[in-house]
Amino acid sequence: MSQNSGSHAFRPCGSLYSPREKTSKVSLVAHRREVTVNSLRNYIPEFIDEFYQKAVGKEKTDRNFIIKVYVSGEYLDQHVSLERGGFDFQKEKKGSDLDFGIAQSEIEVSAAELAISAVSNDVQARREKKTQRIKNYVEEQAPWHRSLMGKIDVTDLAYNATDEQIEGKLQSEKYRLEVKTRGAVKHLLESEKTEDLKHKTSEIVQMVSDTSKNDLAHYISMRRSVIDIFEKSLQTGDDGKYSSEGVVHDIIFPRKGDSDQTPFEDHNLWLIDERLNFTEYLSSDIPLEGKSGRPDILAFDHRMVFRGENEASNPVTIFEFKRPQRDDFANPSSKEDPVQQIIRYVRKLRDGEFTTPQGREIKINTNTPFYGYVICDLNKKVKTWLEEEKDFKPLPDRQGYFRWHDSLNLYTEVVSWDKVLKDAMMRNRVFFHHLRI
């Protein structure tokens with residue numbers, strides 16, 4: 001059959017059954033000879049695979065086939081090269097047709113649209129499958145992209161797209177919307193028309209809100225993954241042993257690093273205390289400048305959140321991690337008493353023995369508040385040690401102990417890994433619920 005469009009004749013041939021090639025093609029013809037051949041999938045992704053025709057009538061088996069479209073006409077005859085290896089018009093549209101003529105891609109797009117009519121049901125089924133595939137991906141793996149559903153054009157995405165391709169498309173669309181939003185905000189702020197402010201503010205605020213929701217949902221989803229990994233790290237491995245301090249340490253904050261190397265978005269101190277999301281300085285398992293000694297984590301709270309600028313009243317928080325189920329630090333002869341280790345660090349800080357890795361002064365005085373946290377498992381031996389030897393008092397949930405060291409202005413808690421996990425899950429449960437993760 002044929003269909004005329006201007007000076008071109010589009011001729012989808014009869015279905016080619018059991019083809020050697022698996023993708024449908026479009027051919028441009030000049031003087032009855034095929035000049036160029038391109039895949040229809042370049043314009044309609046649903047043509048990436050062959051189609052299938054179920055057996056009907058006397059036929060006993062299903063058959064696979066492809067579509068091939070031949071395009072001919074005076075325009076092609078007039079612009080074919082002498083060697084008939086191509087055409088002298090532009091391949092991609094660069095300007096108006098009057099200046100540059102019709103582009104090869106424009107002709108092939110029209111041919112692709114015509115080809116759809118021959119297999120419209122199959123193409124529609126593939127598009128619906130693609131849409132459902134994207135919905136499933138967002139619901140199951142990327143709920144932070146829900147705000148994009150209904151706004152994104154996935155026409156050019158392969159119907160059998162991989163997770164990586166879908167994520168790439170969604171990220172690209174997210175960036176496009178962010179650029180559009182920034183442009184709209186800039187235009188509104190630069191506009192001198194009060195009517196613009198009145199009519200467009202609500203619309204633009206909604207655009208900003210949608211972008212923010214996307215980022216927040218992604219952040220919360222990442223938190224869920226971190227909690228799952230953290231919970232796994234507290235279980236015994238195939239060898240029946242628990243993870244070392246290093247494993248759980250790296251989940252919370254990478255060892256041998258500080259806040260210059262590990263910005264807040266790359267650590268998970270929120271597992272212990274949300275206030276530690278933003279800090280002025282962090283040192284993890286590396287010696288402070290000065291004498292030896294290295295707490296697992298030394299954190300200076302950021303004044304923007306707590307105390308303003310770097311004043312001596314800014315609290316200092318120190319952590320010590322002990323491997324799950326480890327309790328030898330409670331032995332009378334142990335040199336790894338975590339409570340005493342924290343006390344030693346506090347005394348050295350108060351005495352001015354440390355500076356930051358950049359050589360900056362750590363401002364400490366007698367009024368500087370200190371917080372110490374020991375994270376370990378609380379078996380019977382450790383509980384007895386805390387109550388009878390360290391004079392610690394139990395927290396209400398019995399999953400931790402506390403003590404106030406008046407002379408050092410130091411408040412210390414010893415909490416279990418289970419409590420850290422439970423409290424982190426509780427603080428985030430409402431967000432996980434809303435995201436259905």
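Trainee: Among contacts in the protein chain with a separation of 6 or more, what share comes from residues 24 or more positions apart?

Mentor: Keep in mind that we're looking at a predicted model. Take the contacts in the protein chain whose partners have a separation of 6 or more, then pick out those between residues 24 or more positions apart. That share is 61%.

Trainee: Okay, and how many helices and strands are there in the chain?

Mentor: The protein chain has 437 residues, and buried ones make up 45% of them. As for the elements you asked about, the chain holds 10 helices and 18 strands.

Trainee: Which residues touch the most other members of the largest nonpolar core?

Mentor: That core has 25 residues. S13, H8, strand S15 (370-376), helix H9 (380-389) and strand S18 (410-416) each give it at least two. In general, nonpolar side chains in soluble globular proteins tend to be buried together. Here, the ones touching the most other members are Leu-386 and Val-414.

Trainee: Which element supplies the largest share of that core?

Mentor: We're still on the core where Leu-386 and Val-414 touch the most other members. Its largest share is 6 residues, and they come from H8.

Trainee: Leaving aside neighbours within four places in sequence, which residues is His-405 in contact with?

Mentor: First find His-405 in strand S17 (residues 400-405). One of its partners, Ile-343, is 62 residues away along the chain, yet the two C-alpha atoms are separated by 9.0 Å. With the sequence neighbours left out, the contacts of His-405 are Ile-343, Phe-392, Leu-410 and Thr-412.

Trainee: Is His-405 buried or exposed?

Mentor: Check its relative accessibility, which is 7%. Buried means under 20%. His-405 falls under that cut-off, so it counts as buried.

Trainee: Switching to charges, how far apart are the N and O in the salt bridge between Arg-133 and Asp-163?

Mentor: This pair links distant parts of the chain, 30 residues apart: Arg-133 is in helix H4 (residues 120-141) and Asp-163 is in helix H5 (residues 163-190). Arg-133 is partly exposed at 27% relative accessible area, and Asp-163 is partly exposed too, at 23%. Their side chains meet in a salt bridge with an N to O distance of 2.5 Å.

Trainee: Which residues are linked in a network of salt bridges with Arg-326?

Mentor: Start with the pairs: Asp-328 bridges to Arg-326, with the closest N and O atoms 2.6 Å apart, and Glu-336 bridges to Arg-326 at 2.8 Å. Glu-336 and Arg-326 both lie in the loop between strand S13 (316-321) and helix H8 (338-350), 10 residues apart. The network that includes Arg-326 also takes in Lys-322, Asp-328 and Glu-336.

Trainee: Why does Arg-326 count as buried?

Mentor: Compare it with its partners: Asp-328 has 34% relative accessibility and counts as partly exposed, and Glu-336 is partly exposed at 34% as well. The cut-off for buried is under 20%. Arg-326 counts as buried because its relative accessibility is 12%.

Trainee: Last one: what span is expected for helix H3 at 1.5 Å a residue?

Mentor: H3 covers residues 104-118, which is 15 residues. Its buried residues include Ile-107, Leu-114 and Ile-116. From first C-alpha to last, H3 reaches 22 Å, which is close to the expected 21 Å.

Notes
Residues are numbered from 1 along each chain as its sequence is written. This is a predicted model: local features need pLDDT of at least 70, side-chain atom pairs count only at pLDDT 80 or more; totals for chains, interfaces and linings use all residues. Side-chain values use heavy atoms; hydrogens and water are left out. Helices (H or I, at least four residues) and strands (E, at least two) are DSSP runs, numbered from the N terminus. Buried means under 20% relative accessible area, exposed over 50%, partly exposed in between (1.4 Å probe, protein chains only). Contact means heavy atoms within 4.5 Å. A salt bridge is a side-chain nitrogen of Lys or Arg within 4 Å of a carboxyl oxygen of Asp or Glu. The expected span of a helix is 1.5 Å times one less than its number of residues. A nonpolar core is a set of buried Ala, Val, Leu, Ile, Met, Phe, Trp, Tyr and Cys residues joined through side-chain atoms within 4.5 Å.
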